[in-house]
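Let's take a walk through this protein, from its overall make-up down to a few single residues. Have a look at the structure first, then read on.

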Amino acid sequence: RDTQYSNVNYRNAHGKYLSEKSPFRQSLAGVVGTTSNESLLMDRSGNDELEELNENPEIFKRELAALRMMVKNDPNFSIPDNDQFLLRFLSARKFDSKKAFHMLQRYFLMKIKCPELFGCPLPSECGNMFELQAQNMLQERDQLGRRVYIIRVDNFDSSKVTIDDVFRTNVLALEQIVREAETQIAGIVVILDMAGLSLQHAKFFTPYYAKRMVELVQETFPLRFKGFPHSKRALLLRRGGSCTEAISKRRKLESGRKLRVEDLKNIILHGSDLSSLHAFITNDILPTEYRGNAGKFDNRSWYMQLLADENYFTQMQKYGYNIERTT
């Protein structure tokens, strides 16, 4: 199977559950559980998120066909033979086929350039990481239909895992949820919990890795990152500020441009008072560690889902650029 969908009830910004006839629910009906082109190209209009993506039936058909042709004309490409794979890049670039193609190229080139970071590991290779209980994709979506991913920095033991392990496990999580039509539309929120941050974690926050994370979010991975709420540590204001400044200066020297304003707006700081976090993400889906109502933080269910799709990730490792033909 190429897609995965969770059976959840979506809530709007006011916390009310969306009905089966809501525009958001209806917009997903054409892609959930199907692989036919007719269903992919059906009208999914009537949803603010889709309008933001610049998606309507005419643009959908035209840009998907254009992207398909660009890929076909590049003999070095080897990608899954289905439109669902291309659709994730179109959604991430608001249905601009040229920008989607450039993102697709960068997506595979970064896996060649930095395989230690951007190469997706198999779930079975990540057992030690998940035992740390440091990373978890929540089972339910938030009130806006977004996926919510929590990273607990304090649980990373630098004597047992490396920053490369952390980075690649995050890539694995993103590779799993980007298959979901709901997530392509609504996006993802990442909660970076800085509680317990100490000197042993310094290696996880170097300008080099911060820059790579920005590249992943901004230019490489086909997902809409809707927010980065940082919680529990004011220290992040200093550490995060210095990282942002270093990235900005380096990017300016390398490419003549800085971080995009819209990306900086998505970084939201929270202190030990989690009321501001709850205003951003309903506490109904958050673990009790964040004063939520969804039980204790536990990533075992998430890891089992990943292990169940081991074959999918094995198959995905076959795709990419044909290096021998490009050299």
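What counts as a cavity here? On a 1 Å grid over the protein atoms alone, a cavity is a set of points where a 1.4 Å probe fits but cannot get out, and its lining residues have an atom within 4 Å of a point. Grid points are joined across faces, edges and corners, and a volume is the space filled by probe spheres set on the points. Keep that in mind for later.

A quick word on the source: this is a predicted model, where local features need pLDDT of at least 70 and side-chain atom pairs count only at pLDDT 80 or more, while totals for chains, interfaces and linings use all residues. Residues are numbered from 1 along each chain as its sequence is written, and side-chain values use heavy atoms, with hydrogens and water left out.

**The big picture**

The protein has 17 helices and seven strands. Those are DSSP runs numbered from the N terminus (helices are H or I with at least four residues, strands are E with at least two). Of its 327 residues, 52% count as buried. Buried means under 20% relative accessible area, exposed means over 50%, and partly exposed is in between, using a 1.4 Å probe and protein chains only.

**The cores**

A nonpolar core is a set of buried Ala, Val, Leu, Ile, Met, Phe, Trp, Tyr and Cys residues joined through side-chain atoms within 4.5 Å. The largest one here has 63 residues, and F85 and I188 have the most contacts inside it. Helix 9 (residues 163–177) gives the largest share of this core, eight residues. Apart from it lies another core of 13 residues, including L138 and F280. In soluble globular proteins, nonpolar side chains tend to be buried together.

**Helix 4, a helix with two sides**

Helix 4 (residues 57–72) has buried residues I59, F60, E63, L64, L67 and V71. They cover an arc of only 115° around the axis (taken from the directions from the helix axis to the C-beta atoms), so they sit on the same side of helix 4. The face turned away from that buried side carries the exposed residues E58 and K72.

**F221 and the second largest cavity**

Back to those cavities: there are two of 30 Å³ or more. The second largest holds about 30 Å³ of space, and F221 is one of its lining residues, along with Y107, K111, F118, V171, E175, L216 and T220. Helix 6 (97–113), helix 9 and helix 11 (207–220) each give two or more residues to this lining. Helix 11 is mostly covered, with 11 of its 14 residues buried.

F221 itself is found in the loop between helix 11 and strand 5 (225–231). F221 and M103 are 118 residues apart in sequence, yet their C-alpha atoms are 7.6 Å apart in space.

**Two loop residues side by side**

Is Q133 buried or exposed? At 19% relative accessibility, Q133 counts as buried. Q133 is found in the loop between helix 8 (127–131) and strand 2 (135–137).

The table lists contacts (heavy atoms within 4.5 Å), leaving out neighbours up to four places away in sequence.

| Residue | Relative accessible area | Contacts |
|---|---|---|
| Q133 | 19% | R152, N155, F297, D298, N299, R300 |
| F221 | 2% | M103, Y107, L174, E175, V178, L216 |

Key. 1 Å grid on protein atoms, 1.4 Å probe; cavity = no way out; pocket = protein on both sides within 12 Å on 5 of 7 lines; lining within 4 Å.
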